[in-house]
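Reader: I am new to reading protein models, and I would like to go through one slowly. Could we take its features in turn, with the general idea before the particular case?

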Amino acid sequence: MMKTAFAAAALIGGFAFTAAPALADEQMADAQKPAAPTIDSTIETLMANEKTAAILEKHFPGISQHPAYGQFKGMSLVQLQPWSGGMITDEAIEKVKADLAAMA
C-alpha cells in the first residue's frame, strides 16, 4: 500500500514538474513581449520605434532635436507637460494618445 501511494505521488509530482516548465516558458514569452506604447511611455521609448517616433514628430516637430532632449527623454509627455512652457497641451496629448491607440 505504501509503495502505491509513493508511486502515485511520484506520478503526480512528475506530471507537475514536467508541466511547470511549459507554463514558465509561456509566462516568460509573455513577459518578454514589449508593452504596447502609451502616453505614459517615456519619450525615449517612443522615439526608439519608427512608428511612434513619427507620431511624436507629427505633433511636436523637432522634439528629438530639442537641446534639452537628453534631459527629458526619460519622462513621459504627461510628466514633461508642466515643464514645457505650454508647448505640450492637453489637446496635443489626447491627439498623441489617439494616434498610439490607432496604431495598436
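Reader: How many helices and how many strands make up the secondary structure of the protein?

Author: Let us begin with the overall plan, keeping in mind that this model is predicted. The secondary structure comes to six helices and zero strands, and, read along the sequence, the pattern is α-α-α-α-α-α.

Reader: What is the mean pLDDT of the protein, and what percentage of its residues reach 70 or more?

Author: The general idea is one of caution: where pLDDT is low, the predicted coordinates should not be read in detail. In this protein the mean pLDDT is 81, and 67% of the residues reach 70 or more. Over residues 4-12, however, the pLDDT is below 50, and this stretch has zero contacts in the model beyond near neighbours in sequence. Residues 14-19 also have a pLDDT below 50, and again there are zero contacts beyond near neighbours in sequence.

Reader: What share of the residues count as buried, and how much area does the protein expose?

Author: Burial is judged by relative accessible area, and a residue is called buried when that value is under 20%. Of the 104 residues here, 23% count as buried, while the protein exposes about 7600 Å², of which carbon and sulfur atoms supply 65%.

Reader: How should I read contacts between residues 24 or more positions apart?

Author: One way is to take the contacts with a separation of 6 or more and ask what part of them joins residues 24 or more positions apart, which in this protein is 56%. A case to look at is V96, in helix 6, which covers residues 90-103. V96 and I39 are 57 residues apart in sequence, yet their C-alpha atoms are 7.2 Å apart in space. Leaving aside neighbours within four places in sequence, V96 is in contact with I39, I55, L56, H59, F60 and L77.

Reader: Why does V96 count as buried?

Author: V96 counts as buried because its relative accessible area is 1%, which is under the 20% cut-off.

Reader: Where is M47 placed, and is it buried or exposed?

Author: M47 is in helix 2, residues 43-47, and M47 counts as buried because its relative accessibility is 17%. Setting aside neighbours within four places in sequence, the contacts of M47 are with A53, L56, E57, I63, S64 and Y69. For one of these, I63, which is 16 residues away along the chain, the C-alpha separation from M47 is 9.4 Å.

Reader: Where is the place of S76, and which residues does S76 touch?

Author: S76 sits in the loop between helix 4 (69-72) and helix 5 (77-80). With a relative accessible area of 3%, S76 is buried, and, not counting residues up to four places away in sequence, S76 touches I39, D40, S41, T42 and I43.

Reader: Which residues line the largest pocket, and how much space lies in it?

Author: A pocket can be described by its volume and by the residues that line it, and in the largest pocket here about 290 Å³ of space is found. The lining consists of F60, P61, G62, I63, H66, F72, L80, W83, S84, M87 and I88. By class, this lining has eight nonpolar, three polar and no charged residues. Two of the lining residues have already appeared, F60 as a contact of V96 and I63 as a contact of M47.

Definitions and conventions
Residues numbered from 1 in each chain as written. Predicted model: local features only at pLDDT ≥ 70, side-chain atom pairs only at ≥ 80, totals over all residues. Heavy atoms only, no water. 1 Å grid on protein atoms, 1.4 Å probe; cavity = no way out; pocket = protein on both sides within 12 Å on 5 of 7 lines; lining within 4 Å. Points joined across faces, edges and corners; volume = space filled by probe spheres on them. Nonpolar A, V, L, I, M, F, W, Y, C, P; charged D, E, K, R; others polar. Helix = DSSP H or I, 4+ residues; strand = E, 2+ residues; numbered from the N terminus. Buried < 20%, exposed > 50% of the residue type's maximum accessible area, 1.4 Å probe, protein only. Contact = heavy atoms within 4.5 Å. Areas by Shrake-Rupley, 256 points an atom, 1.4 Å probe, with all protein chains shown as cover. pLDDT = per-residue confidence, 0-100.
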